[in-house]
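Q: Please take a close look at the way helices pack against one another in this model, and follow one of those helices down to a single residue. Please explain each term as you go, since I am new to reading structures.

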Amino acid sequence: MRILIIEDEKKVASLIRKGLEKENYMVDVTSNGADGLVKSHNLSYDSIILDLMLPGCDGLHILKTLRKGGIKTPVLILTAKGDVESRIEGLNHGADDYLVKPFAFGELLARVRALLRRSHKQQNPLISFDDFTLNPVSHEVKRAGAVIEMSAKEYSLLEFLVFNADRVLNRITLSEHVWKYDFDRGTNFIDVYINRLRNKIDKGYRKKFIYTVRGYGYMFKT
């Protein structure tokens with residue numbers, strides 16, 4: 001699941017990002033309000049963590065603009081403003097929850113999970129293709145009804161492939177989105193992980209999902 005952090009305090013943003021990525025979430029970060037507004041409006045996120053005091057434009061303006069535009073992405077307000085009036089103002093303009101700095105990451109994680117559960121409560125979160133299913137909320141993967149055990153990175157790679165089904169993804173794109181660092185052409189770690197996924201997802205089944213596009217990259221083909 002993909003989360004956007006709009007926070008201008010670099011240490012705070014880095015702490016949240018590392019913690020969420022450790023929990024297998026895909027995370028984008030921006031420190032500028034104007035950039036955050038563009039990202040949150042034009043890209044699809046499962047949740048947004050939003051600071052109120054931002055350069056470019058403030059968090060309340062971002063929140064109002066999103067709600068006015070019909071975007072219902074769950075928003076967790078994160079700010080040093082802890083007075084009741086500020087909380088009421090944020091909630092009245094469409095925020096789903098409020099967390100005051102300083103905070104414990106464990107509480108933030110619990111609140112994010114609660115927002116995600118509520119947002120998916122009225123819809124089936126399962127992504128299904130034939131006998132393959134992936135649940136982005138519980139991170140459970142099944143093939144022909146059997147649960148497939150996998151590591152955190154294996155799941156993150158598979159989820160990214162599934163979210164971009166029928167689209168060819170090169171190794172650089174996979175590296176940047178799943179491992180969050182520049183691709184080293186001298187290594188084959190992505191190929192190793194793809195082979196692991198093939199052994200778990202496709203081996204022993206007539207229908208194959210993970211394909212190699214020679215000279216370019218890989219694709220989850222439906």
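A: Helices and strands here are DSSP runs numbered from the N terminus, where a helix is a run of H or I with at least four residues and a strand is a run of E with at least two. This is a predicted model, in which local features need pLDDT of at least 70 and side-chain atom pairs count only at pLDDT 80 or more, while totals for chains, interfaces and linings use all residues. Residues are numbered from 1 along each chain as its sequence is written, and side-chain values use heavy atoms, leaving out hydrogens and water.

As a setting for the close look, the chain holds 8 helices and 12 strands. Its radius of gyration (taken over C-alpha atoms) is 19 Å, close to the 17 Å that the globule rule (2.2 Å times the number of residues to the power 0.38) gives for 222 residues, so the chain is as compact as a globular protein of that length. The C-alpha trace spans about 60 × 40 × 30 Å along its principal axes.

Now to the packing itself, beginning with helix α2 (residues 33-42) and helix α3 (residues 59-68), whose axes lie 10 Å apart at an angle of about 20°. Such axes are lines fitted to C-alpha atoms over the stretch in contact, and the angles run from 0 to 180 degrees between N-to-C directions. The angle makes α2 roughly parallel to α3, given that angles under 35 degrees count as roughly parallel, over 145 as roughly antiparallel, 65 to 115 as roughly perpendicular and the rest as oblique. Where they touch, with contact meaning heavy atoms within 4.5 Å, G33, L37, S40 and H41 of α2 meet H61, I62, T65 and L66 of α3. Sorted by class, this contact has 3 nonpolar, 5 polar and no charged residues, where Asp, Glu, Lys and Arg count as charged, Ala, Val, Leu, Ile, Met, Phe, Trp, Tyr, Cys and Pro as nonpolar, and the others, Gly among them, as polar.

A second pair of helices can be set beside this one. Helix α6 (residues 152-163) and helix α7 (residues 171-179) also have axes 10 Å apart, but pack at an angle of about 125°, which makes α6 oblique to α7. In this pair K153, S156, L157, F160 and L161 from α6 meet T173, L174, H177, V178 and W179 from α7, and the contact is made up of 6 nonpolar, 3 polar and 1 charged residues.

Returning to α3, we can follow this helix down to R67, which has its place there. With a relative accessible area of 22%, R67 is partly exposed, as buried means under 20%, exposed means over 50% and partly exposed lies in between (1.4 Å probe, protein chains only). Leaving aside residues up to four places away in sequence, R67 touches K72, T73, P74, V75, H93, G94 and D96. The C-alpha atoms of R67 and A95 are separated by 9.2 Å, although these two residues are 28 residues apart along the chain.

The same kind of reading can be widened to the whole chain, where residues 24 or more positions apart account for 57% of the contacts with a separation of 6 or more, and where buried residues make up 44% of the 222 residues.
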